[in-house]
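Subject: Structure for your review

Dear colleague,

I am handing over the structure we spoke about, and my notes on what was found in it follow directly below. Please read them with the model open beside you.

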Amino acid sequence: MADDFSQSLTPPVSPFAADSFCDMTPARPPCFCCSETKEDPTGALSPHGYVAGGSLKRLLLRLDPAPTEYETDTVEIFGFPWVTETALVESTKLLFGLFRQKVYRLESLVQSSSHDFGQAGNLHYEAEDLRQQCVSFLQYVKVFLHRFFEPTCSLDTSDSHPYEELEAQLPSALLEEVFGITLLVGQLKDLPANVQSAFTIANPGKIFPPSWHLLHLHLDVHWSVLEILHILNHKMQGQVVYAHQFVNLTGENLTDSSLFEEHLCSLLCDLTALAMGKYSKVRPTEALSSHHYLCSCTKELWVLLMHLLEYRNKVLHTQSFWSYMNSLLRPLVSGKPAAEQFSGLPTHCKDPLGLTWWLLTHVAMLGQYSRSGTLQHEKHLGENWTFVEELLKLSCQPKGGVAEEQVRMHVHCCLSVCLLWDPSTSAVSTLWDYYSRNLSASFTVPWLGVSGMGTLCKTSLALFEQARSCCSPAPLHSPGHTQLYRTANSFHLFLRVLALCLAQDRAGGVPQRQIKGRIYSKFSSKKMQELPEAGLMNFLLLFLVVARQMELEDVASRACELLGYLPSNCPPGHRTLVWRGQIALLLLFQERGLDVGAQAGWLASSFNETAKEFYDKTTDASRRLALWGPLGSYLEGVAEVFETSSSLNLSEEKLLNEGFDWLLPACHLSELNSALGFLQIVLSQLRRVHQRSVQSAPASAWAPGNGSVVKERHLAVAAALWAHFFSFLRSLRLSQTPPAQLADAAAGFTLLALDLPGSAPQDLQPNPVQSIMQCFGWDDMVQPVLVTRYLPHLLQNSELVSSLSRDSVVSGSAQSLSVRAWFRCVLQQHLHKNPDGSGSRTGRAVEEQLLELTRLVLRLPEVEGLLQRAGLQPPASRTEPTAALEIFVKAVGGVYSGLQVLSERSAMVTRALDYIGDIMKHIKPSLVSKSQEGLQLAYWAVGCIVKHWSPLLATSKAQQLLFRIVDGLLLPHNLTQQDKALRDSLPLYLQGLSVASCVSQSQGAYLKQQLRSVTRRYLDHFLPASPSMGVISNHPVLLGACEANPTPRGAALRKTILDVLCTSFLQFKGHAPPSTTGSSAHVPVGAPEEKQ
């Protein structure tokens, strides 16, 4: 055939060609091009293509394909100038022959091309030029048909012009040539492998091999054939065009309609066959993220076919796009032979049903593209629910044996088309019939591992959120939707489909009532009793989804009625799930602002019975362990109800019932920690909500009206907390090993009493805050580990500290009591260490908590005032408790010494004694323990008090304490353990006693006698057996007498020491000195005398 169109053929040339040659070349026509588009399922189509370039829209609107082109007298086609308005009529065969010649040349380039990179550029440009010439010619054919061709109704050969005769024959001749082109290019699936591989060229850049150009030319030709036949049909106004020469030669009819139909079906088969090849490599997890087209050009071809066929269906009443697709795909899934026009479709496929779902879904997604090539959310393609419902019946047939991994993909595809089209009640009914039969299945995909099980709802809130996610599907192309195969099982996907269907008629229309009736009808008492845990979980999630989309009260009532069919002795695992589901319903009521009283009452009654069984002493350990499952889930769920509530005015207090009176005493430590953690959540949320309501309300908020109702609700919640929790907490306060969270919960109640004082029990009135602080913070019997954790919660609350500054209790200032508690904790901080002195977990906790308590105590207004008056300031950095204690003691002593008015001095003595409390009682545990650190701290702390408070201790109010200190610490019967502590702190005691003995008005003589006794005892006690000057100079008694700058007080102490030395060690009766005289003779007594 190539020989028929050699270079000797010279087409007619216009005599004006030279004048207009520069204007003959038209602009580049639209063509398939994927070199500049990204592999994005939602991305825009190529701007050079038929859709985005406007070619499709002009075709469907019956507009000129190229209105600004071919307006000159001549046009260049295949390198030759032609008369624009007559070329196609006069040279039909010649032009199509040249077209075939160019195609052959391009094919020869593909066959002869090599991997020589040096030739790649030349081959690209030559192949591109050949393709461009062919596409330009096809564009010229379309323009000619639309603009220059006028069909004649009758032909009178006697009067007609030769051109008119040729023009009358053009439709038939053109039909034959177009048919010849279809034979020339054949089918896409029959292209050689090296040409088809051009579909998958990665990162092509700017240089393409000839195979790429040939492949895309084939796409251009396939689409242009349909365009030409469509335009021809329009121009002929419905007249049938016959290919007369073909009919005469073969005896078969060939019309424009039959060729359009044949070529269209062939093209759909080709595109489907290409998709089948790609599907063989698609994993189920990637079904929604792996599209069905090989490049964006085939994607555009699908879009073109959709719009063209939909248009022809509406205007010409031909088959719709989905009708063609259903005819093509139905034989695949049914196993029946395909229709003759689709006989070219390959029949071998590993998973025909999965392929059909996958292809139909992705093709439906392309229906979102408009005629302009933009992705829009409104529908541009009709629905195809009839065929989808057929597929659903095949996927869900009882005897089909379709595995979960396949069903999951099928339902995932069904969900996708639901997002594209209006949901179908019939489709939902088909799915529900399947899942009602298999409600107890696990719906797992083994090879997916844990992720294949779907979301596990371990809490009520998780169950509630999962129901919400089912009712709020992610956008179609988002990762949240495409990755659902991994994160949700097929039942969860069905729930999303169900939610979409119910959402389209929220007013309770007929379809919605039908679906609800179908769901209700599948449950009976027998079925409920037979449900395993998996089935019960699916039941709860189903009703939560239905409740979200329909009348909540009705669905919740029906769910409770069905759950009532469960036996009272159902396994704890079932009870756990039931309670989670019930609490999830409460969260839904709460979300809608509906009262939860009725639902909460049913749940609280069940909880109460279970708590009683948990408390019962006859319940064995394994049963108790199993019962903690539902009880723990109740605590978690109720905590979530309180945390998610914004107002706590919907009868939430009914969840806090007498069941806690049974539960709390029966809890072991770990269980008790969970219960106390729950209590803290409820307390803090009640306070937060109450404070917010007070702040947002107007001045008259608590007047009769809505504000009064809210406050009553808050008081009801508070009353339930006081009634069922506080008395138990109070019973634990004197425990030697209190739970770690006891202090937190007690602090929560204290702050609740601050916010709602009227809610506290009568035995805490009229000052509930101080009463609770007395119980947990100020009582000397409470362990330091509890006090140091409890008080910081309160002292960092500025409102509470202000109230403590205003109010007072019988036993003294509330701030003084807080300082006393801190003082005791500092003295007893070592009691929680291990016997060998190493730190324990409790000991470390006390140290950390004591640091924070110290920081807050130093910020109390009363303490800050003392420090400022004494001219002392704690260091800006972290203050150690012992250092802070010394600063505080110095401040109190300094302030007292500066007072002149007797009444002020007396009041200060009272305050000082309040600060330290019964200090001898506080240090007693340290004196009897084996901890040297505790013993040294006790002696040092009391020594600081004796030294810095000596004038204060000499008063009549405080001197009894001083006598107890001397008798208990300085003159005990046994000194074995205290040696080290005494040696280090003895100078403090001596200096303090010396001052006290000088200033005391009533007991000065007795104190001097005590001072002499102490001096005598320890001069002797701390003398070494073999003395030396270095050892003697470090004697603790003598160290107490040394001063850098001599003062009268120091002189008095040195005089006392010399008197004791002279009286007790340098004077003796008998013939020989006592055994210690030799050592005493070495004491440097001259130094003090010289200083005097």
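Helix 6 has a kink of about 45 degrees at L170, shortly before the proline P171; please keep in mind, here and throughout, that this is a predicted model. The helix runs over residues 162-185, and its 24 residues should span 34 Å at 1.5 Å a residue, which agrees with the 33 Å that separates its end C-alpha atoms. After helix 6 comes G186, whose phi is positive, near 65 degrees.

As for the chain as a whole, the protein chain holds 50 helices and four strands, and 54% of its 1092 residues are buried. If one takes the contacts between residues at least 6 apart in sequence, 77% of them join residues that are at least 24 apart. The chain exposes about 46500 Å², of which carbon and sulfur atoms supply 52%.

The largest nonpolar core has 358 residues, and W223, F539, L656, L721 and W822 are those with the most contacts inside it. Helix 8, which covers residues 210-235, gives the most to this core, with 13 residues. For L721, when residues up to four places away in sequence are not counted, the residues touched include L656, L679, F726 and F749.

C413 may also be worth a look, since it can be followed from sequence to space with little effort. This cysteine lies in helix 15 (residues 404-420), and its relative accessible area is 1%, so it counts as buried, the cut-off being under 20%. Leaving aside neighbours within four places in sequence, C413 is in contact with L288, W357, W358 and T361. Of these, W358 is 55 residues from C413 in sequence, yet the C-alpha atoms of the two are 6.7 Å apart in space.

Turning to charged side chains, the count comes to 32 salt bridges, and three pairs may serve as examples.

Within a helix, the side chains of R558 and E561 meet in a salt bridge, with 3.1 Å from N to O. Because R558 and E561 are three residues apart in helix 24 (residues 552-563), about one helical turn separates them. An α-helix has 3.6 residues a turn, so residues three or four places apart point the same way. E561 has a relative accessibility of 40% and therefore counts as partly exposed.

Between helices, the side chains of R623 and E613 form a salt bridge at 2.8 Å, N to O. R623 lies in helix 27 (residues 621-644) and E613 in helix 26 (residues 597-615), so this pair ties together parts that are 10 residues apart in sequence. Both residues count as partly exposed, R623 at 26% relative accessibility and E613 with a relative accessible area of 27%.

Between a helix and a loop, R730 forms a salt bridge with D763, and their closest N and O atoms are 2.7 Å apart. This pair links distant parts of the chain, 33 residues apart, with R730 in helix 30 (residues 706-732) and D763 in the loop between helix 31 (742-755) and helix 32 (768-778). R730, at 25% relative accessibility, counts as partly exposed, and D763 is likewise partly exposed, with a relative accessible area of 49%.

Beyond these pairs, E465, R468, R548 and E591 are linked in a network of salt bridges.

With kind regards

Terms used: Residues numbered from 1 in each chain as written. Predicted model: local features only at pLDDT ≥ 70, side-chain atom pairs only at ≥ 80, totals over all residues. Heavy atoms only, no water. Helix = DSSP H or I, 4+ residues; strand = E, 2+ residues; numbered from the N terminus. Buried < 20%, exposed > 50% of the residue type's maximum accessible area, 1.4 Å probe, protein only. Contact = heavy atoms within 4.5 Å. Core = buried A, V, L, I, M, F, W, Y, C linked by side-chain atoms within 4.5 Å. Salt bridge = Lys/Arg side-chain N within 4 Å of Asp/Glu carboxyl O. Expected span 1.5 Å × (residues − 1). Bend = angle between axes of the 7 residues up to and from the residue. Areas by Shrake-Rupley, 256 points an atom, 1.4 Å probe, with all protein chains shown as cover.
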